[in-house]
Amino acid sequence: MKSLISSLRTTKIKITDVIEKGDVSETINRASKKHKADLIVMGTHGAKGLNEVFIGSNASQVVRDAEIPVLTVNDGKQNTKISNIVFATDFSEETNL
């Protein structure tokens with residue numbers, strides 16, 4: 001992790017690597033609070049078939065439970081150049097930033 005973090009060469013974003021054990025969603029959300037994170041970023045390959053119906057993917061559980069925004073990156077989308085972002089909203093009061 002240290003070599004990956006140092007290869008990013010950024011001073012504008014604070015990066016903290018943490019290893020914890022436990023339920024994925026609970027542990028990620030607890031760590032996000034502890035470290036005062038503004039955003040959770042996680043990779044996903046998605047659960048398929050009956051696993052998706054009965055269990056769901058870790059990423060979808062984190063998205064449902066998170067108290068801060070979650071950005072999921074689909075497996076195989078490495079080095080994707082992001083040039084446009086969709087901001088979906090229903091214009092309700094809760095989404096008023």
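What is the volume of the largest pocket? It is about 1300 Å³, and the tour comes back to this pocket's lining after a look at the whole chain. The model on screen is a predicted one.

**Whole chain**

Start with the protein chain in cartoon view. It contains 4 helices and 2 strands, and along the sequence these follow the pattern α-α-β-α-α-β. Switch to a surface: the accessible area of the protein chain is about 8900 Å², and carbon and sulfur atoms account for 54% of that. Of the 97 residues, 14% are buried. Among contacts between residues at least 6 apart in sequence, 55% join residues at least 24 apart.

**The largest pocket**

Return to the largest pocket, with its volume of about 1300 Å³. Select Ile15, Thr16, Leu39, Ile40 and Val41, which are the closest to the pocket centre of the 27 residues in the lining. Then colour helix H1 (2–8), helix H2 (24–34), E1 and E2, the elements that each give two or more residues to the lining. By residue class, the lining of the largest pocket holds 17 nonpolar, 5 polar and 5 charged residues.

**The two strands**

Select strand E1, residues 40–44, and show side chains. Ile40, Met42 and Thr44 point to one face and are buried, while Val41 and Gly43 point to the other face and are not buried. This is a pattern to expect in general: in a regular strand the side chains alternate between the two faces of the sheet.

Add strand E2, residues 70–74. E1 and E2 pair in the parallel sense, over 5 bridges. To find the register, select Ile40 and look across to E2, where Val70 stands opposite.

**The loop before H2**

Now pick Asp23, in the loop between H1 and H2. Is Asp23 buried or exposed? Neither label applies: Asp23 counts as partly exposed because its relative accessibility is 42%, and the partly exposed class lies between the limits of 20% and 50%. Select Asn58 as well and draw a distance between the C-alpha atoms. Asp23 and Asn58 are 35 residues apart in sequence and 9.4 Å apart in space.

**Along helix H2**

Three residues in helix H2 are worth selecting in turn.

- Ser25 lies in helix H2. With a relative accessibility of 3%, Ser25 counts as buried. Beyond residues up to four places away in sequence, Ser25 touches Gln61, Val62 and Asp65.
- Thr27 also lies in helix H2. Thr27 is buried, at a relative accessible area of 8%. Setting aside neighbours within four places in sequence, Thr27 is in contact with Glu20, Lys21 and Gly22.
- Ser32 is found in helix H2 too. Ser32 has a relative accessible area of 10%, so it is buried. Leaving out neighbours within four places in sequence, the contacts of Ser32 are with Ala37, Ile40 and Ile68.

Keep Ser32 selected and add Glu67. The two residues are 35 apart along the chain, and their C-alpha atoms are separated by 8.9 Å. The contact of Ser32 with Ile40 leads back to strand E1, where the side chain of Ile40 is on the buried face.

**The loop after H2**

Finish at Lys36, in the loop between H2 and E1. Which value does phi of Lys36 take? It is near 55°, a positive value in a residue other than glycine. As background, most residues other than glycine have a negative phi. Why does Lys36 count as exposed? Its relative accessibility is 71%, and the exposed class begins over 50%.

How values were computed: Residues numbered from 1 in each chain as written. Predicted model: local features only at pLDDT ≥ 70, side-chain atom pairs only at ≥ 80, totals over all residues. Heavy atoms only, no water. Buried < 20%, exposed > 50% of the residue type's maximum accessible area, 1.4 Å probe, protein only. Pairing = 2+ DSSP bridges. Contact = heavy atoms within 4.5 Å. Areas by Shrake-Rupley, 256 points an atom, 1.4 Å probe, with all protein chains shown as cover. 1 Å grid on protein atoms, 1.4 Å probe; cavity = no way out; pocket = protein on both sides within 12 Å on 5 of 7 lines; lining within 4 Å. Points joined across faces, edges and corners; volume = space filled by probe spheres on them. Nonpolar A, V, L, I, M, F, W, Y, C, P; charged D, E, K, R; others polar.
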